[in-house]
Amino acid sequence: MEIELAYGKGSVRLSVPDNIETDIFAPMEIDKPVRFEGFHDGFLDAGGMSFLSTARPLMVVNDGHRKTPTSRLLTWLDRIDDGLLDRAHFLIAAGTHEPPTEDHLRFVFGEHLERVRSRTSVHDCRNLSQMTMIGQDQFGEDVYVNRALFEYDAVGFISSVEPHYFAGFTGGRKSIFPGLTNFATVERNHNLANSLEAAPMVLAGNPVAEHMEAMMAMVRIDRVFSIQAILDSG
């Protein structure tokens with residue numbers, strides 16, 4: 001059996017023996033994607049105006065390795081509050097990835113890049129000087145996160161949710177773990193992927209997901225406003 005997988009800008013073909021059972025997870029195309037009006041109403045219903053009322057917000061966004069439609073969401077936020085992009089600081093949750101290239105930055109911010117560039121920084125998982133220690137995990141090891149999370153009036157996350165091959169799901173907490181934590185903590189977490197319980201769409205009993213949840217308990221989320229996109233095949 002031949003299986004074609006999307007990889008980077010191309011694809012990879014795998015030859016799988018016929019006696020191997022495979023499950024295929026793929027996004028479907030939906031008939032009615034969210035438009036600005038639906039986003040606007042949902043944003044208000046979720047208490048978004050309280051987030052916009054802050055003078056010094058931090059916006060945490062994904063890097064260019066994720067397909068999150070960040071620039072579109074920033075455009076919609078700009079329509080709701082045309083001053084947000086001019087007063088917010090932007091932090092790219094790069095995790096263990098290399099710093100974003102110019103192409104990545106243009107993918108993430110789109111037409112807004114020059115407007116926000118001077119107030120954009122990138123998390124460096126190996127630079128503990130930009131982090132603060134928030135506690136110890138189940139292994140008795142120190143957990144660090146980017147201190148910018150604690151330096152602004154409110155924090156807004158823009159990410160996207162889809163099945164993840166060992167963390168259960170992407171999005172949500174993954175903007176911080178691994179997005180804004182230190183390399184050693186990511187390493188401990190990802191080593192748990194050796195478990196057979198670390199699987200797509202599995203949270204209960206998944207040691208990777210449960211380690212992330214335990215670390216999230218160390219972070220105050222009352223100052224957090226989260227925007228999570230769900231992507232279809234387009």
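**Exercise 1. Determine what share of the contacts in the chain with a separation of 6 or more comes from residues 24 or more positions apart, and then describe the chain as a whole.**

Step 1. With contact taken as heavy atoms within 4.5 Å, residues 24 or more positions apart account for 70% of the contacts with a separation of 6 or more.

Step 2. This is a predicted model, in which local features need pLDDT of at least 70 and side-chain atom pairs count only at pLDDT 80 or more, while totals for chains, interfaces and linings use all residues. Residues are numbered from 1 along each chain as its sequence is written, and side-chain values use heavy atoms, with hydrogens and water left out.

Step 3. Of the 234 residues, 43% count as buried, that is, under 20% relative accessible area with a 1.4 Å probe and protein chains only.

**Exercise 2. Identify the buried residues of helix H5 and work out which side of H5 they occupy.**

Step 1. Helices are DSSP runs of H or I with at least four residues, and strands are runs of E with at least two, both numbered from the N terminus; H5 spans residues 102-109, and its buried residues are Leu105, Val108 and Phe109.

Step 2. These residues lie on the same side of H5, because they cover an arc of only 80 degrees around the axis, judged by the directions from the helix axis to the C-beta atoms.

Step 3. Their cover includes strands E3 (57-62), E4 (89-93) and E5 (120-122), together with helices H3 (70-80) and H6 (113-116).

Step 4. After H5 comes Gly110, which has a positive phi near 55 degrees.

Methods
Buried < 20%, exposed > 50% of the residue type's maximum accessible area, 1.4 Å probe, protein only.
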